[in-house]
Amino acid sequence: MIYFVGAGPGAADLITVRGKTLLEQADLIIYAGSLVNPELLHYAKKTCTIMDSAHMTLEEVIQAMEEAQQQDCLIVRLHTGDPSIYGAIREQMDILSRDGMAYEVVPGVSSFCAAAAAVKAEYTLPAVSQSVIITRMEGRTPVPDKQKIADYAAHHATMVIFLSAGLVEALQEELLRGGYEGTTPAAIVYKASWPQEQVFRCTVATLAATAAQHQVTKTALLLVGDFLGTSYDRSLLYHPGFTHGYRQADPGQKKYNDTMHGPHKEEGR
Ligand code: SAH
């Protein structure tokens, strides 16, 4: 059996229990060496063969899997974060399906979740944003029409921008062109959950300067939106004036949301 396993965002103890158990049992691990924390490989048994896919083509990865499969090996294809986000797993799964080879996917903690934890933020705040846009700048991989940064910026939803730390100047321009105010809060999260993790808070207008100042050019997420600001409405779910399936409202309480104000987070965390 072949398992596509999400390695988590970096910290070796942020893999799932299921993912760790599979690493312990694997006869072959093919891991994405550019981003997966090599510490995770310590979970492998001594006899396990370990290959770094950073040096391999899709064809070579498939060949290695197929050869191991013929010897009844347990194979783990270890992808950073969650494999469904920029993981290039679809093309592998389609070839394996075509060749009649069995596989399963084990989800992982994506780096966008670790980035929210690093800035201690909630992406979906009542009255601020109820949507999270996961996207990237166009680089050598093209981005389809109507899915450019400026198109999404117009929504003023929470944005998590992957694979773009080397393109921050153009990103900043696109965000402004799409309609974000320069004063909209933003953050650069470098290596979320790794020992080297760093958070740089800024605004849309200072994104490029902040990245340049701290020499961030890769392994970072760019977070943009008013979810990083200070005001939002408290949740209805825990409001004393709100009835739901598990709780009756207190009749003395007004029903509607109250605006909450958090501390300014421009400095530090
Ligand atoms: N499947 C992965 C994403 C792979 S794409 C996931 O779910 O997280 C690689 C990009 O993800 C990097 O260029 C960077 O933008 C982001 N990334 C991956 N790990 C990261 C981390 N620990 N901290 C910040 N960004 C990270």
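Here are a few questions and answers about a predicted model and the ligand it holds.

User: Which two domains does the domain assignment of the chain give, and how far apart are their centres?
Analyst: Good place to start! The assignment splits the chain into domain 1 (2–109) and domain 2 (112–228). Taken over C-alpha atoms, the distance between their centres is 28 Å.

User: How many residues of each domain are in contact with the other domain?
Analyst: Contact here means heavy atoms within 4.5 Å. Counted that way, domain 1 contributes ten residues and domain 2 contributes eleven.

User: Where does the ligand lie relative to the two domains, and why?
Analyst: Look at who supplies the shell around the ligand: domain 1 (2–109) gives residues, and domain 2 (112–228) does too. Because both take part, the ligand lies between them.

User: Which residues come nearest to the ligand?
Analyst: There are 18 residues around the ligand. By class, this shell has eleven nonpolar, five polar and two charged residues. Those that come nearest are Ile85, Ser110, Ser111, Ala192 and Ala220.

User: Which residue has a polar side-chain atom 2.8 Å from an oxygen atom of the ligand?
Analyst: Let's sort backbone from side chain. Ile85 uses a polar backbone atom, 2.7 Å from a nitrogen atom of the ligand. Ala192 also uses its backbone, with an N or O atom 2.8 Å from a ligand nitrogen. The polar side-chain atom belongs to Ser110.

User: How much of the ligand's accessible area does the protein cover?
Analyst: The space that the ligand takes up is the largest pocket. On its own, the ligand has 550 Å² of accessible area. Of that, the protein covers 94%.

How values were computed
Residues are numbered from 1 along each chain as its sequence is written. This is a predicted model: local features need pLDDT of at least 70, side-chain atom pairs count only at pLDDT 80 or more; totals for chains, interfaces and linings use all residues. Side-chain values use heavy atoms; hydrogens and water are left out. A residue is near a molecule or strand if one of its heavy atoms lies within 4 Å of it. A polar contact is a pair of N or O atoms within 3.5 Å; within protein, one must be able to donate a hydrogen and the other to accept it, and residues adjacent in sequence count only if both atoms are side-chain atoms. Accessible areas come from the Shrake-Rupley method with a 1.4 Å probe; for residues, only the protein chains shown count as cover. On a 1 Å grid over the protein atoms alone, a cavity is a set of points where a 1.4 Å probe fits but cannot get out, and a pocket is an open set with protein on both sides within 12 Å along at least five of seven lines; lining residues have an atom within 4 Å of a point. A molecule sits in a cavity or pocket if more than half of its atoms lie within 2 Å of its grid points. Ala, Val, Leu, Ile, Met, Phe, Trp, Tyr, Cys and Pro count as nonpolar, Asp, Glu, Lys and Arg as charged, and the others, Gly among them, as polar. Domain bounds come from an automatic or database domain assignment.
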